[in-house]
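Please load the model in your viewer and keep the selection panel at hand. The tour begins at the ligand and then moves on to the nonpolar core.

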Amino acid sequence: MSILVTGGTGTLGRAVVDSLAESHDVRVLSRASADGRRSGRTRSGRTQDGLVRCERVRGDLRTGAGPAAAVAGVDVVVHCTRTNGRGDVPVTRNLLDAARRAGGAHVVYVSIAGSDRIPLAYYRAKQECERLVERSGLPWTILRTTQFHDLVAKFFAVQRWLPVVAVPAGVDFQPIDVRDVAERLAELVAGPAAGRVAALGGPQIRTIGDLARTYLRATGSRRPVVPLALPGATLRGYRDGRHLVPEGAAGRRTFDDFLVETAGSGR
Ligand SMILES: NC(=O)c1ccc[n+]([C@@H]2O[C@H](COP(=O)([O-])OP(=O)(O)OC[C@H]3O[C@@H](n4cnc5c(N)ncnc54)[C@H](OP(=O)(O)O)[C@@H]3O)[C@@H](O)[C@H]2O)c1
């Protein structure tokens, strides 16, 4: 199969490319080519040195420059692009227009668990993107997932210069490893368009304070974790657990596993 991964240079996209490139022809759409210039075609697959090679097509989905070449001849598009907020909507619209013109690839879209139940601006944009995919006239599959381990770790990492780590009180998270998401996406790519499939969640539901303490231990910090009682409908949504999928706890790799590997890899 020939597969386009949009956002294939991103956190999830890299894992998706990794999981697909051994058995498929994979193309990555990016605003920059691998060497900063327009790249040539390279064969998909794992090389002897263990690196995944794939074809890189330069394009910007926001301006609409490039997606026509990227979608030409592909059977499936795995759409993993992320912009700032509402930018996801024109990006998705441009991609779908190009895919329709190119003949109708199966579009697999990655969305966020609970994006219809928490009033966050970015989640509203994801909702709009889901609707665009549903109404595209193309064969489609939508997989919602919980927050990635990387995002949760980043939430703590950005506070590294503070004397404490502040977390919202009473909020749980169910973080998932992008490799677990990528494996599920590989299954969906191999099958027929499935519409909305069951949401995927990480293997553990833990308080954000507990995750913060785990992060601090892993990074050798003794700073205290300070829970803050924060007002607002968005925080209420998180406190009510509307972003969790206890019934979809399918990921294998825990946040602790992720931190051990991240430290080991020097990331
Ligand atoms: N992060 C989470 O916890 C989480 C949870 C659930 C679902 N998701 C969803 O998973 C998807 C991937 O998220 P991520 O965190 O992996 O994203 P990310 O690491 O921020 O990567 C964003 C990707 O989008 C590409 N991109 C941005 N603007 C573009 C444009 N105008 N044209 C073409 N490509 C563009 C970037 O490629 P270049 O910079 O190379 O152009 C990059 O590869 C998103 O749909 C997100 O909503 C994320």
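Which helices and strands each supply at least two residues of the shell around the ligand? Select α1 (11-20), β7 (106-112) and α4 (121-134), which each do so; helices (H or I, at least four residues) and strands (E, at least two) are DSSP runs, numbered from the N terminus. This is a predicted model, in which local features need pLDDT of at least 70 and side-chain atom pairs count only at pLDDT 80 or more, while totals for chains, interfaces and linings use all residues. Residues are numbered from 1 along each chain as its sequence is written, and side-chain values use heavy atoms, without hydrogens and water.

Next, display the 25 residues that surround the ligand, each with a heavy atom within 4 Å of it; the closest are Thr9, Ser30, Arg31, Asp60 and Lys126. β7 gives the most to this shell, with three residues.

Now zoom in on the polar side chains. A polar atom in the side chain of Ser30 lies 2.5 Å from a ligand oxygen atom, an N or O atom in the side chain of Asp60 is 2.7 Å from a ligand nitrogen atom, and one in the side chain of Lys126 is 2.7 Å from a ligand oxygen atom.

Finally, select Val5, Leu12, Val16, Leu20, Val78, Val181 and Leu185, the residues with the most contacts inside the largest nonpolar core, which has 27 residues; such a core is a set of buried (under 20% relative accessible area, 1.4 Å probe, protein chains only) Ala, Val, Leu, Ile, Met, Phe, Trp, Tyr and Cys residues joined through side-chain atoms within 4.5 Å. The largest share of this core, six residues, comes from α6.

Notes. A polar contact is a pair of N or O atoms within 3.5 Å; within protein, one must be able to donate a hydrogen and the other to accept it, and residues adjacent in sequence count only if both atoms are side-chain atoms. Buried means under 20% relative accessible area, exposed over 50%, partly exposed in between (1.4 Å probe, protein chains only).
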